[in-house]
Each structure stands twice: as C-alpha cells, then as structure tokens.
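Please look through the structure shown below and follow its strands one by one, from a single pairing outward to the sheet and what surrounds it.

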Amino acid sequence: MRAAVSTLVGLLALAGVSTAAAAAGPHPAAVPIAVVSCPARAGVAGLSPPPIPTQLSAAVAARTAARLRFYSDGYLVVLGPTGWTCTGLEAADGGESLSVFPVGQSDPLGATTPGADAEAVTARFDYTGHGPGSELVCGLFPASVASRLAEATGGCTTIPAREVVRHPSRDVATFLDPAGVSGTGEPSGGTNPASGAVFFPQLAREPASVNVAKVTCTPPKPLASLCPSIIADFVGRARLRPRS
C-alpha cells in the first residue's frame, strides 16, 4: 500500500501538484492518445455538449499510452483503460460526472450499490456553493468553509480509519481505499482497491463557491499500474479550468 501511495504522489508531481518534486526529475514526453466519445445525459432540456476532439496528448510513457484511451462526453475528459465504455452526466444543478467502465458492467455512479467486483474510472466536477460540491471535498479538507456547509446539511461522511490520505500540495488530497473499505473512492468497498485525488483550489480567502474536481481509479489488479497516470492527468487538467 505504501508503494502505491508513493507512486501516486510522484506522478501527481508531474501534473503540477508539487513544483519542487516535478523539478527533481525528467517529465515524460507528451504522446497523442485517441479519444472515445461518450454519450451525455443532460439535466437541462436542449443542452448540447461541446465538440469532442479525436485525440489529446498526455505526458505518459509510450508503453503506458498504448494501454490507455481518453474518454470524453464533451464536458469532462479522463484517461481509462482501452476497450472500456463510458457515460456522462451534465446535471441540472451544474454538477458534472463521467464514468468509464468495462463493457457489460453497469455505470457505477448510476447504481445505488455498485457490484462487489466493480471496475471503473470515475470523474466529477462540481462547486462548493451547494451540498453535492461541498460533500465532495469536506472529508479531505475538514478545515474549509465547504466542510462546514456539508456538515450543516448532514452530508459529510467520516473518512474510514483504513483509508490512506495524503496532501502532496495544499490544493490536492490523494486517497487510497484498500479492498473492502468503502471510503472516498467511487466505487470503493469491493474486491478492487480504489485510489484517486480531490482537487480543491486553496485561495487566499475561500469564497462562497469554488470549483472542485475528483477522480477515482478502481481497476482490476492487472490494470492497477495505470492509475497513477490516469489520476495525474486528470488533476493536471482540473488545474486549467476556472476556479470559481
């Protein structure tokens, strides 16, 4: 478990999470990776998703890139294992989510209780000015205004004792839920460990609402080595979006 956390933190440095750590070693060259288009459900009638590119670049090793594809519904984009399927949601309240999972499996973000052997990469983008967004970050950033909002609405769950949390920078928290631990990861608690990160910009004075993002990687064991690259790429892209 400690090795997995160290690898994740190291690759997050390459995504800009830790400038000092990133400067300590060479960065992988950016390589082009094909984009798989995902259907998007819209909570607002008549909403049309933005155009989806046919390929994007990622700073990953060539041998890793060959096992990955980008998945996008036009709103969110995330790396995932090649050959999987995907679906997205643009909610009426402004929250966005994208699920990538094996063909034949149900959407883990759409299921009340994902299967015990659920495999997925999931991504969320939200804002802390309402319950769902504040709940996204409250457990990993307990001193924030967003956390107090979540607690006031009864939506902040306790981080499990066996969940491993690290803060490689002020605005990023990484998490690792071992098999059988239902924690921050979506999905988590099944036979596959879940790792991921939450991005919460720490501004000089926290405004009433901040844009936040979360990614979870819950793969079968043969694909677990892809998670650090998947997570690091998502965090890097989240940094480029408006902060509020």
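In this predicted model, a convenient place to begin is the pairing of strand 10 (residues 172-177) with strand 11, which is antiparallel and extends over six bridges. Within that pairing, Thr174 stands opposite Ala197 of strand 11. Strand 11 (residues 194-199) also pairs with strand 12, again in the antiparallel sense, here over five bridges, and Ser195 is the residue that stands opposite Cys217 in strand 12.

Strand 12 in turn pairs with strand 8 (residues 120-127), antiparallel and over eight bridges. Cys217 appears here too, as the bridge partner of Val121, and with Ser195 opposite Cys217 as well, the reader can use this cysteine as a reference point when moving from strand 11 through strand 12 to strand 8. In general, strands of a sheet pair through backbone hydrogen bonds, either parallel or antiparallel.

These pairings belong to an open sheet of eight strands, whose order is 2-6-7-8-12-11-10-9 and whose pairing is mixed. The edges are formed by strand 2 (40-42) and strand 9 (164-169), each of which pairs on one side only. Averaged over the sheet and with direction ignored, neighbouring strands are turned by 15 degrees against each other.

How many of the residues of strand 12 are buried? With burial taken as under 20% relative accessible area, eight of the eight residues of strand 12 (residues 211-218) are buried, so this strand is largely enclosed by the rest of the structure. In a regular strand the side chains alternate between the two faces of the sheet. In strand 12, Asn211, Ala213, Val215 and Cys217 are buried on one side, while Val212, Lys214, Thr216 and Thr218 are buried on the other, and both faces are therefore covered, given that buried means under 20% relative accessible area.

Helix 6 (residues 227-238) lies across strand 8, strand 10, strand 11 and strand 12, and runs at about 170 degrees to strand 12.

A last feature to examine is the internal space. The structure holds one cavity of 30 Å³ or more, and about 40 Å³ of space lies in the largest cavity. Its lining consists of Phe125, Phe199, Pro201, Asn211, Ala213, Ala238, Arg241, Pro242 and Arg243, which divide into six nonpolar, one polar and two charged residues. Of these lining residues, Asn211 and Ala213 are also among those buried on one side of strand 12.

Conventions. Residues numbered from 1 in each chain as written. Predicted model: local features only at pLDDT ≥ 70, side-chain atom pairs only at ≥ 80, totals over all residues. Heavy atoms only, no water. Buried < 20%, exposed > 50% of the residue type's maximum accessible area, 1.4 Å probe, protein only. Helix = DSSP H or I, 4+ residues; strand = E, 2+ residues; numbered from the N terminus. Pairing = 2+ DSSP bridges. Axes fitted to C-alpha atoms, helices over the stretch in contact; angles between N-to-C directions. Contact = heavy atoms within 4.5 Å. 1 Å grid on protein atoms, 1.4 Å probe; cavity = no way out; pocket = protein on both sides within 12 Å on 5 of 7 lines; lining within 4 Å. Points joined across faces, edges and corners; volume = space filled by probe spheres on them. Nonpolar A, V, L, I, M, F, W, Y, C, P; charged D, E, K, R; others polar.
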